[in-house]
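Please open the structure in your viewer and keep the selection tool at hand. The tour below goes from one selection to the next and says what is found at each stop.

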Amino acid sequence: MEKALKTMIDNMPEKTGKSLKEWKSLLKLKSFTKHSEAVNFLKKEHDVTHGFANTIVTLSKEENSTPNDLVEQQYKGKENLALIYNALLKVIKTFGDDVTITPKKTTVSLIRKTQFALIKPATKTRIDLGLKIKDKPTNDRLESSGPFGTMCTHRVQLTDAKQVDDELIAWLTEAYQKAN
């Protein structure tokens, strides 16, 4: 389990008033059709911050899957992309203890106070890195968000771990800093 996620789960009772197990039990009593409905319920009815609400809902849905299982499934048959994923995580882990890495079924969200990036194995040969950098002009490499819609403002298509270079790290850093 990622250290940041484990820390978040360990701090959950103090920060939210309930343990993950208690939150999961509460959500089982409800029937939400969308992820966002459950997140909004926790935020509005229980004053849970977005980061905790999103993590609770995600982990409630993935009851039998650990975060590592979710990542493994994403890269099954795309093992060559795992090198890119690991290169991205290596950089992100240098940003600080306030980054939450939240694996989901098809993506991994990177959250500070808000989500600042999203990692998605888009094809067997490419990872799409979504970034949230408001008012940043696009260029040949830093494209508009594409399939990410409003979740991110930009997308970078990665086909090789060498593409996790100084330019990309600068964009990731900017997205991280703006998520404060």
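A residue is called buried here when its relative accessible area is under 20%, and exposed when that value is over 50%. The model on the screen is a predicted one.

**First stop: helix 5**

Select residues 67-74, which make up helix 5, and colour Pro-67, Leu-70, Val-71 and Gln-74, which are buried. These buried residues lie on the same side of helix 5, because they cover an arc of only 95 degrees around its axis. On the other side of helix 5, you can pick out Glu-72 and Gln-73, which are exposed. What do the buried residues of helix 5 pack against? If you add the surroundings to your selection, you will find that they pack against helix 1 (3-16), helix 6 (79-92), strand 1, strand 2 and strand 3.

**Second stop: strands 1, 2 and 3**

Select strand 1, residues 100-103, together with strand 2, residues 108-111. The two strands pair in the antiparallel sense over 4 bridges, and a hairpin of 4 residues joins strand 1 to strand 2. Within this pairing, Ile-101 has Leu-110 of strand 2 as its bridge partner.

Now add strand 3, residues 115-121, which pairs with strand 2 in the antiparallel sense, again over 4 bridges. Here the hairpin that leads from strand 2 to strand 3 has 3 residues, and Val-108 finds its bridge partner in Ile-119 of strand 3.

Show the side chains of strand 2 as well: Val-108 and Leu-110 point one way, Ser-109 and Ile-111 point the other way, and all of them are buried. In a regular strand the side chains alternate between the two faces of the sheet.

**Third stop: the nonpolar cores**

Next, select Tyr-85, Leu-88, Phe-116, Ile-119, Leu-129, Leu-131 and Leu-172, which touch the most other members of the largest nonpolar core, a set of 32 residues. At least two residues of this core come from each of helix 6, strand 2, strand 3, strand 4 (127-131), strand 6 (154-158) and helix 7 (166-178). Helix 6 supplies the largest share, 8 residues.

To look at one member in detail, centre the view on Leu-131, whose contacts beyond its neighbours within four places in sequence include Phe-116, Leu-142, Val-156, Trp-171 and Leu-172. Apart from the largest core lies another core, of 18 residues, and Trp-23, Val-39, Leu-42 and Ala-53 are among them.

**Fourth stop: aromatic rings**

Select Tyr-75 and Tyr-85, whose rings form a tilted aromatic pair, at 5.2 Å centre to centre and with 45 degrees between the planes. Tyr-75 lies in the loop between helix 5 and helix 6 and Tyr-85 in helix 6, so the pair ties together parts that are 10 residues apart in sequence. Tyr-75 is buried, with a relative accessible area of 5%, and Tyr-85 is also buried, at 5% relative accessibility.

Then move to Phe-95 and Phe-116, a tilted pair with ring centres 6.5 Å apart and planes at 45 degrees. This pair links distant parts of the chain, since Phe-95 is in the loop between helix 6 and strand 1 and Phe-116 is in strand 3, 21 residues apart. Adding Tyr-176 to the selection completes a cluster, in which ring pairs link Phe-95, Phe-116 and Tyr-176.

**Last stop: charges over rings**

Keep Tyr-176 in view and add Arg-112, whose charged end sits over the ring of Tyr-176, 4.0 Å from its centre. Finally, select Lys-18 and Trp-23, where Lys-18 lies over the face of Trp-23, at 5.2 Å from the ring centre.

Key:
Residues numbered from 1 in each chain as written. Predicted model: local features only at pLDDT ≥ 70, side-chain atom pairs only at ≥ 80, totals over all residues. Heavy atoms only, no water. Buried < 20%, exposed > 50% of the residue type's maximum accessible area, 1.4 Å probe, protein only. Pairing = 2+ DSSP bridges. Arc of directions from axis to C-beta. Contact = heavy atoms within 4.5 Å. Core = buried A, V, L, I, M, F, W, Y, C linked by side-chain atoms within 4.5 Å. Phe/Tyr/Trp six-rings, centres within 6.5 Å; stacked < 30°, edge-to-face > 60°. Lys NZ or Arg CZ within 6 Å of the ring centre and 35° of its normal.
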